[in-house]
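Reader: I would like a close look at one part of this chain. Please pick a single residue to start from, then work outwards to what surrounds it.

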Amino acid sequence: MYQDPVLYINGRFITAEGRKTQPITNPATGEVLGQLPHATTEDLDQCLAAAQAAFQQWKRTSPLERSATLRKAGDLLRERVREIARDISLDQGKPLPEAIAETDKSAEHADWHAEEGRRTYGRVIPSRQPDVRQWVQREPVGVCVAFSPWNFPIGQASRKVFAALGNGCTLVIKGPEDSPSGVIALARALHDAGLPAGCLNLVWGVPADISAYLIRSPIVRKVSFTGSTAVGKQVAALAASHMKRMTMELGGHAPVLVFDDADLDAAADMLARFKMRNAGQVCISPSRFFVQRKAYDRFAARFLEVIRSLKVGDGLETGVDMGPLVHERRIAAMEGFMEDVARRKGEVLAGGQRVGTRGTFFAPTVVAGLPADARLMNEEPFGPIASLTSFDSFEDGIRLANALPYGLSSYVFTESLQTATRASNALEAGMVNINHYGSGMAEMPFGGVKDSGIGSEGGSETYDGYLVTKFVTHR
Ligand code: NAD
């Protein structure tokens, strides 16, 4: 039932054929779903050579032709959504409806990039001399390498793949070994849509070895990475030492400011479910909840009521709100945070421990009363743990929200237009959501400031990282 794990090199899907493999596991059951082939050094060289050769042709195809290929791939993703989403639930663990929504959104990214790719305009610069014409044109940067994560296996890869291909670049992507099916499905959709051989190549292996090998290659002109800030800094350092452009979509520890005048019930209902989406394994997941003093008790009571009502289980079962964590390492990470909560004498208001003996389930967890130097107040949990803290003044709330080196997403709940405007100006974040959450659609720029990254994916900014600027003067 689960699709074959393969490499995709120069237009061919390749099974292990004697290569080293690693097991792919269903985090809900521990069952092995398949064996993922690791790319050899020769495979990587073939990918680079294929991407380099394909770039010479692909960059010369018309924007309309590239747009048609992307659109067709988007249609195929929509046609295949059931099977793709089932496989993502199987190897990543998220509830099926979330996997369906993620796949649909990837198709929307195909459409968006197909359209925006037709609008790569240059400009004419008025000359100082009458017979001179001078202009600026934007050109595809060249061969790109991308490293995409396991939390949104098809969604995060789509942003990179469509942004590279839509403007004439070619690429080699290393997908997430823990949850590979989404990127394979993406490669199959593009292949079946008629993407020429070599434009997209997909590999698996030991992440640090593959990234070091690919980034060093003189063929590669651009690096795109989504993952933790710590790994992002290593990848960025490597890219910088070889003067490669980069897009870095890194960690966050999103603050939520709930002001006294907010619609507290609506805020609590919305935030409790949003927090536990994908078991909290989301870089924009709300994770530090700061609630103004008068609102605290009412907000906390309602928030906990919803959290405790969430059904945890196998993502393929009907009615499940939250699936397992992606792998055993995330359970260990959650247990580490909870040990620190106990040491700091924090209050555990809900959950706090592993659920069951089969699979990697962790209970939706809420803690309170942590000091500012507790691990949870500083490190991204990337899991189903929320911490509640109260604050007094507006300035107090903003100071807490901006206290960390992260700056990805942020959330504000207030009925005051003035508070909303002041907060949106004061928050050091790439994204500010007021009284709702709305980041991540294809038409919106997605990206962080400070340690949360460099560059945006999506929106009309999406191609900025994949284009170079050329000035031409002509007499
Ligand atoms: P991890 O640090 O081992 O891996 C995180 C991701 O980075 C994986 O996809 C991995 O394949 C990749 N990676 C690791 N080292 C790499 C290297 N040298 N070169 C290229 N890619 C490399 O941790 P994990 O336990 O799998 O994931 C947990 C952490 O990852 C969390 O703390 C979270 O911050 C981060 N993460 C972030 C996002 C995001 O959307 N920003 C997504 C997934 C994971």
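Author: Threonine 170 is buried, because its relative accessibility is 0% and the cut-off for buried is under 20%. This is a predicted model. Threonine 170 sits in strand β8, which covers residues 170–174. What does its side chain reach? A polar atom of the threonine 170 side chain lies 2.8 Å from the backbone oxygen of alanine 51. Neighbours within four places in sequence are left aside in the next list. Threonine 170 then touches Ala51, Ala54, Phe55 and Trp58. It also touches Gly142, Val143 and Cys144. Leu165, Gly198 and Cys199 complete the set.

Now step back to the whole chain. The domain assignment gives domain 1 as 7–250 + 451–474. Domain 2 is 254–443. Their C-alpha centres lie 30 Å apart. The contact draws 30 residues from domain 1 and 32 residues from domain 2. There is also a record to set beside this. UniProt lists residues 14–472 as "domain: Aldehyde dehydrogenase", in an unreviewed entry. In the model, that span is 38% helix and 21% strand. The C-alpha atoms at its two ends are 43 Å apart.

Look next at where the two domains meet. The size of an interface is often given as the accessible area lost when the parts come together. Domain 1 and domain 2 bury about 2500 Å² between them. Carbon and sulfur atoms account for 57% of that area. Polar pairing is present too. Between the domains, 12 residue pairs are in polar contact, with both residues at pLDDT 80 or more. Which helices of domain 1 supply at least two residues each to the side that touches domain 2? They are α3 (81–92), α4 (96–116) and α5 (155–165). Helix α4 gives the most to that side, with six residues.

How many salt bridges are counted between domain 1 and domain 2? The count is one. Arginine 329 also has a charged partner to note. It forms a salt bridge with aspartate 178, and the closest N and O atoms are 3.7 Å apart.

Side chains of opposite charge can pair when their charged atoms come close. The count of salt bridges comes to 31. Take aspartate 464 and arginine 138. Their side chains meet in a salt bridge at 3.8 Å, N to O. Aspartate 464 lies in the loop between β21 (453–454) and β22 (467–474), and arginine 138 lies in strand β6 (residues 133–140), so the pair ties together parts that are 326 residues apart in sequence. Aspartate 464 is partly exposed, at 40% relative accessible area. Arginine 138 is partly exposed as well, at 31%.

Aspartate 451 and lysine 233 make another such pair. Their closest N and O atoms are 3.0 Å apart. Aspartate 451 is in the loop between β20 (431–434) and β21, and lysine 233 is in helix α8 (residues 229–241), so this bridge ties together parts that are 218 residues apart in sequence. Aspartate 451 is partly exposed, with a relative accessible area of 26%. Lysine 233 is also partly exposed, at 46%.

Arginine 344 pairs with aspartate 340. The closest N and O atoms of this salt bridge are 3.3 Å apart. Is each partner buried or partly exposed? Arginine 344 is partly exposed, at 28% relative accessibility. Aspartate 340 is buried, with a relative accessible area of 3%. Elsewhere, salt bridges that share partners join several residues into one network. Its members are Arg71, Asp75, Arg78, Asp111, Glu115, Glu116, Arg118 and Arg119.

Finish with the backbone. Most residues other than glycine have a negative phi. Alanine 279 is not a glycine, yet its phi is positive, at about 55°. Alanine 279 is in the loop between α9 (264–275) and β13 (286–292). It is buried, with a relative accessible area of 1%. Phenylalanine 382 has a positive phi too, near 45°. Its place is the loop between β17 (365–368) and β18 (385–391). Phenylalanine 382 counts as buried because its relative accessibility is 15%, where buried means under 20%.

Terms used: Residues are numbered from 1 along each chain as its sequence is written. This is a predicted model: local features need pLDDT of at least 70, side-chain atom pairs count only at pLDDT 80 or more; totals for chains, interfaces and linings use all residues. Side-chain values use heavy atoms; hydrogens and water are left out. Helices (H or I, at least four residues) and strands (E, at least two) are DSSP runs, numbered from the N terminus. Buried means under 20% relative accessible area, exposed over 50%, partly exposed in between (1.4 Å probe, protein chains only). UniProt positions are given in the numbering used here, feature names are shortened, and annotations may be inferred rather than shown by experiment. A polar contact is a pair of N or O atoms within 3.5 Å; within protein, one must be able to donate a hydrogen and the other to accept it, and residues adjacent in sequence count only if both atoms are side-chain atoms. Contact means heavy atoms within 4.5 Å. Domain bounds come from an automatic or database domain assignment. Buried area is the accessible area (1.4 Å probe) that two parts lose on being put together, summed over both. A salt bridge is a side-chain nitrogen of Lys or Arg within 4 Å of a carboxyl oxygen of Asp or Glu.
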